[in-house]
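Here is a short briefing on one protein model. Please keep the sequence and the structure in view while reading.

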Amino acid sequence: MNSFPIIRVITKLLIPYILLFGLYVQFHGDFGPGGGFQAGVIFAAALILYGLVYGLPAVHKVAPPKVIEKLTALGLLVYAGTGLACMLLGGNFLDYDVLNHGILTENHFLPEGQHLGIFHVELGVGSTVTAVMTMIFYAFAGRERVTS
């Protein structure tokens, strides 16, 4: 892709907007359509686009495979840990009321326990999906070419 400077420049311009849209989908997920899975795919699409245009070594510098592997496990732990915390706190799954219907502080309203639970579940799903989709890309892009 070194011979296509326009594609490289457009990609560098688009990736921040793709990531910003991924953040919007991630944080909007507990209030409407969207959430962790969709945001994870959008984040992974940004990394994959970068890898397709700049090559696999370049995307390995941005997101090393060891970090992506750890992100997979961390996302799964956040997801499962949220469910475990909900059960240990004695409430229904994702419906615990730890913060007593929210706390009003100086111009800020902390969300209820259910919103915090959904937020953490979506965060765990998003990071896991991003990491798994990126690792799938690494696996396919890193394969040796077979010639017959």
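A residue counts as buried when its relative accessible area is under 20%. The model is predicted. By that cut-off, F137 and Y138 are both buried. The points below cover the aromatic pairs, the core, the largest pocket and one helix position.

**Aromatic pairs**
- A pair of aromatic rings is described by the distance of the centres and the angle of the planes.
- The model has four aromatic pairs.
- One of them joins F137 and Y138, with ring centres 6.3 Å apart.
- The planes of F137 and Y138 make an angle of 50 degrees, and the pair is classed as tilted.

**Nonpolar core**
- In soluble globular proteins, nonpolar side chains tend to be buried together.
- The largest nonpolar core here holds eight residues.
- Its members are L47, L56, V59, A63, I68, A131, F137 and Y138.
- Helices α3 (56-62) and α5 (113-141) each supply at least two residues of this core.
- The largest share, three residues, comes from α5.
- The aromatic pair F137 and Y138 thus sits among the core members.
- What does I68 touch, leaving aside its neighbours within four places in sequence? I68 is in contact with A63, A131, T134, M135 and Y138.
- Of these contacts, A63, A131 and Y138 are also listed in the core.

**Largest pocket**
- The largest pocket encloses about 170 Å³ of space.
- Its lining consists of I15, L19, F43, A46, L47, Y50, V62, L71 and T130.
- Which helix gives the largest share of this lining? That helix is α2, with four residues.
- Both α1 (5-28) and α2 (36-54) supply at least two lining residues.
- By residue class, the lining has eight nonpolar residues, one polar residue and no charged residue.
- L47 appears in the pocket lining and also in the largest nonpolar core.

**V78 on helix α4**
- V78 lies in helix α4, which spans residues 65-88.
- Is V78 buried, partly exposed or exposed? V78 counts as partly exposed because its relative accessibility is 26%, and the partly exposed class runs between 20% and 50%.
- Leaving aside neighbours within four places in sequence, V78 is in contact with H120 and G124.
- V78 and V125 are 47 residues apart in sequence. In space, their C-alpha atoms are 8.4 Å apart.

Terms used: Residues numbered from 1 in each chain as written. Predicted model: local features only at pLDDT ≥ 70, side-chain atom pairs only at ≥ 80, totals over all residues. Heavy atoms only, no water. Phe/Tyr/Trp six-rings, centres within 6.5 Å; stacked < 30°, edge-to-face > 60°. Buried < 20%, exposed > 50% of the residue type's maximum accessible area, 1.4 Å probe, protein only. 1 Å grid on protein atoms, 1.4 Å probe; cavity = no way out; pocket = protein on both sides within 12 Å on 5 of 7 lines; lining within 4 Å. Points joined across faces, edges and corners; volume = space filled by probe spheres on them. Nonpolar A, V, L, I, M, F, W, Y, C, P; charged D, E, K, R; others polar. Core = buried A, V, L, I, M, F, W, Y, C linked by side-chain atoms within 4.5 Å. Contact = heavy atoms within 4.5 Å.
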